[in-house]
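Trainee: May we go through the model together, one helix and one set of rings at a time?

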Amino acid sequence: MMPVDSRQERTVSPARYYELRRFYLDQLDARDRGRTQEWLDVFDEDATMTTKVLGHGSPVKKADFEPAVWKLDASFQEKGIQRRHCVHGFTFTARGGLVHARFYGLFLVIDAERGACLQSAAMIYDVLRRSGTTWRVISREIERDDLGRLNTEMSSLPVG
């Protein structure tokens with residue numbers, strides 16, 4: 001990986017920070033409420049997702065991860081499981097017209113039988129680009145604590 005020239009990256013303004021936080025709150029609220037299409041719509045058509053859960057740690061194109069998302073959401077709905085995303089520790093860095101986001105998430109599942117249980121905890125690394133009045137995820141890397149680190153360039157993103 002080539003070192004990033006610190007003059008080429010910068011922390012986003014406070015106004016942009018809160019705009020991006022709102023983007024994530026809306027996105028994760030849609031996921032928690034079972035609005036699958038609304039959540040999928042934040043991903044660019046050529047977006048990739050990298051996680052050991054799908055593709056064994058290799059990038060998976062949206063067209064390939066979309067069916068798995070629909071299947072998981074249908075399964076949760078069928079079982080009466082409610083999902084909650086608790087996220088914090090956001091850092092946003094502007095670089096080359098894109099925004100690199102990093103945050104930590106706890107993912108809970110709640111059902112009548114078991115109550116609330118921690119499903120997973122993960123670091124999430126996104127690359128975003130502006131699309132009209134909103135943002136689009138062009139790549140997402142999910143590094144779940146229980147599955148170990150991924151060996152990709154995004155894992156070495158600077159904090160802030």
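The exchange below treats a helix and then the aromatic rings.

Mentor: This is a predicted model, in which local features need pLDDT of at least 70, side-chain atom pairs count only at pLDDT 80 or more, and totals for chains, interfaces and linings use all residues. Residues are numbered from 1 along each chain as its sequence is written, and side-chain values use heavy atoms, with hydrogens and water left out.

Trainee: How far apart are the end C-alpha atoms of helix α3?

Mentor: Helices are DSSP runs of H or I with at least four residues, and strands are runs of E with at least two, numbered from the N terminus. The expected span is 1.5 Å times one less than the number of residues. For the 18 residues of α3 (residues 62-79) this gives 26 Å, which agrees with the distance in the model, 25 Å.

Trainee: Which residues of α3 are buried?

Mentor: Buried means under 20% relative accessible area, exposed over 50% and partly exposed in between (1.4 Å probe, protein chains only). In α3 the buried residues are Lys-62, Phe-65, Val-69, Asp-73 and Phe-76.

Trainee: How are the rings of Phe-23 and Tyr-24 arranged?

Mentor: Rings of Phe, Tyr and Trp (its six-membered ring) pair if their centres lie within 6.5 Å; planes under 30 degrees apart count as stacked, over 60 as edge-to-face and the rest as tilted. The structure holds 10 such pairs. Here the centres are 5.2 Å apart and the planes are at 80°, so the pair is edge-to-face.
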